[in-house]
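Please open the model in your viewer and keep the sequence panel beside it. The tour below moves from one selection to the next and says what is found at each stop.

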Amino acid sequence: MADEFNRRNFLKTAALAAGPALVTGRAANDKVNIGWIGVGTRGYASLDWMHTAAPNDVQITAICDTYQGYIARAKDRMATIWGTTPKTYVDYRELLADKSIDAVFIMTPEHLHHDMAIAALRAGKNVYVEKPLAHTIEEGFDIVREWEKSKKIVQVGTQNRSSSLYKKAKELVKAGMVGDVHFVRAFWYRNGLPNEPSWRYVIPPEATPQNTDWNRFLGTAPKRPWDEHRYFQWRLYWDYSGGISTDLLVHQTDIVNFMLEKTVPRTCMASGGVYRWTDKTDDRDVPDCLSAIYDYADKLQVNYSCYLGNEFFGYGEEICGNEGTLRVMNRQDLYFEPEMYNSRRPNAPNRAPEAIKARAAIHINGPQEYKESDGAINHFRNFIQAILGKEQVIAPPTIGQQAAITGHMATLAFKNQKKIVWDETANKYHFV
Ligand SMILES: NC(=O)c1ccc[n+]([C@@H]2O[C@H](COP(=O)([O-])OP(=O)(O)OC[C@H]3O[C@@H](n4cnc5c(N)ncnc54)[C@H](O)[C@@H]3O)[C@@H](O)[C@H]2O)c1
């Protein structure tokens, strides 16, 4: 009991510490106890990633999910990868009541993030919450305020900020390789086979209303009868998701903000609709084609597009500077090319001033150069290190909220068919 008290006391103190000095008092077997809420696609894969990220610093002592099939699958995986058997819960509040749990991972659908994150902070837990921070701008600010009161560590799952490739991109921009930047293109293109429509993820055939807690899935969303499509394909419905804006776009506008040291755009216009997946049996709400144009206060435009009916161009962010172009493609490859000012005519001379001509083109493949295919492992590790008082989190709720606001602006502009303006001083939006 005394040991338990000391361990917990340490974690509390360490969480508040700025540097590593206090960590020396940590016994070798002091592990951060984690409760995992949501072991669907992301939550399940993350059980492995956490094992790679911090195998000696953490133990996953509890998992919670409202579908029994996924609980069973996660228990199996825990036995295989971690060699342990976590306690299991269907009600996340019961998991939060376990005082031995130091931190929770919230990997549930977007509309549940708010209530779960607030309850976790009130229960004294450190929190890793998947992106988007919350389902609405107002809910996001609730979480930011609760976090500020709690003094706990919170990391939002915008993991690209922990990717070495994107850190390198930021460094190159800061070093002036592309010159001034006033224009960025970002895009994400995907496709599905005709009989596998985009975002119609497979529904486990064993799932029934008996082994799936539909009401807990709904949370505060509008009540309706059991609907397995809504449960397993929640991204397609406004009640639970912002669709492209909060699923894909937020990652990309977030990382553009990171690379260019921006926060929130001033305006957004958005256009699109359900153009590809129009079968009459497909009742999706959210667009499968969306373009959003953002203008920032200091003369930057981000031109974003996403289409779920053609994957040829993949996904990426292209920073179109006055003196060069820096692209990160599919989170795997970074390319830099200096401008040549020759309109790309064949055999035309390179008209660039000497200083620009001297900049060599660059190609870095992230997996080869950094042995990373995604930033998630670094992001998890950074969260744990922050709990241990050794690092600051790279994506606290303030940053996660900036990413989420950018996404919500696109949804609001699209739904209202109006240009939306963000007032950074008042933290409010209006339409014009
Ligand atoms: N950072 C990334 O790159 C990334 C990638 C994919 C998903 N995500 C995010 O992860 C989150 C989950 O997405 P997903 O694709 O794994 O969805 P999913 O539907 O595959 O998984 C969600 C899980 O939550 C469970 N769940 C639903 N209601 C619950 C409740 N009340 N209590 C406990 N569990 C509940 C479901 O049973 C399911 O297992 C979303 O916020 C999504 O945006 C992030």
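Domain bounds, as used here, come from an automatic or database domain assignment. For this chain, which is a predicted model, that assignment gives domain 1 as 2-161 + 378-397 and domain 2 as 164-372 + 401-431. Colour the two domains separately, and note that their C-alpha centres lie 26 Å apart.

Before going further, colour the chain by pLDDT, which has a mean of 93, with 93% of the residues reaching 70 or more. Residues 1-26 are a stretch to read with care, since pLDDT stays under 50 there, and the model has 26 contacts beyond four places in sequence for them.

**The sheet of six strands**

Select the strands β1 to β6, which form an open sheet in the order β3-β2-β1-β4-β5-β6, with parallel pairing. At the edges stand β3 (87-89) and β6 (154-156), and because each has a single partner strand, one side of each is left without a neighbour in the sheet. From one strand to the next the twist averages 20°. Zoom in on β2 (residues 58-64), which pairs with β3 in the parallel sense over three bridges, and look for Cys64, which stands opposite Tyr89 in β3.

Now add helix α5 (residues 113-122), which lies across β1 (32-37), β4 (103-106) and β5 (126-129) and runs at about 165° to β5. Then follow the loop between β5 and α6, where Pro132 is found; a cis peptide bond, with omega about -10°, joins Lys131 to Pro132.

**Where the domains meet**

Select next the residues that join the two domains: 25 residues of domain 1 are in contact with 32 residues of domain 2. On the domain 1 side, α3 (68-82) and α6 (137-150) each supply at least two residues, and the largest share, four residues, comes from α6. This side divides into eleven nonpolar, nine polar and five charged residues.

**The ligand**

Which residues are the closest to the ligand? They are Gly38, Gly40, Thr41, Arg42 and Glu130, out of 27 residues that surround the ligand. The elements that give two or more residues to this shell are α2 (41-53) and α8 (214-218), and the largest share, three residues, comes from α2. By type, the shell holds eleven nonpolar, nine polar and seven charged residues. Both domain 1 and domain 2 give residues to the shell, so the ligand lies between them.

**The sheet of ten strands**

Move on to the strands β7 to β16, ten strands that form an open sheet in the order β14-β13-β12-β11-β7-β10-β9-β8-β15-β16, with mixed pairing. Here β14 (362-365) and β16 (428-431) stand at the edges, and because each has a single partner strand, one side of each is left without a neighbour in the sheet. The twist averages 15° from one strand to the next. Within this sheet, β8 (residues 267-273) and β9 (residues 289-296) pair in the antiparallel sense over seven bridges, and the bridge partner of Cys268 in β9 is Tyr294.

Show two helices against these strands. Helix α10 (residues 244-260) lies across β7 (181-189), β9, β10 (300-307) and β11 (315-321), running at about 150° to β10, whereas helix α14 (residues 397-416) lies across β8, β9, β15 (420-423) and β16, running at about 60° to β8.

As a last stop, select Arg331, in the loop between β12 (324-329) and β13 (333-338). Although Arg331 is not a glycine, its phi is positive, at about 60°.

Note on methods
Residues numbered from 1 in each chain as written. Predicted model: local features only at pLDDT ≥ 70, side-chain atom pairs only at ≥ 80, totals over all residues. Pairing = 2+ DSSP bridges. Axes fitted to C-alpha atoms, helices over the stretch in contact; angles between N-to-C directions. Contact = placed C-beta atoms within 7 Å. pLDDT = per-residue confidence, 0-100. Near = placed C-beta within 6 Å. Nonpolar A, V, L, I, M, F, W, Y, C, P; charged D, E, K, R; others polar.
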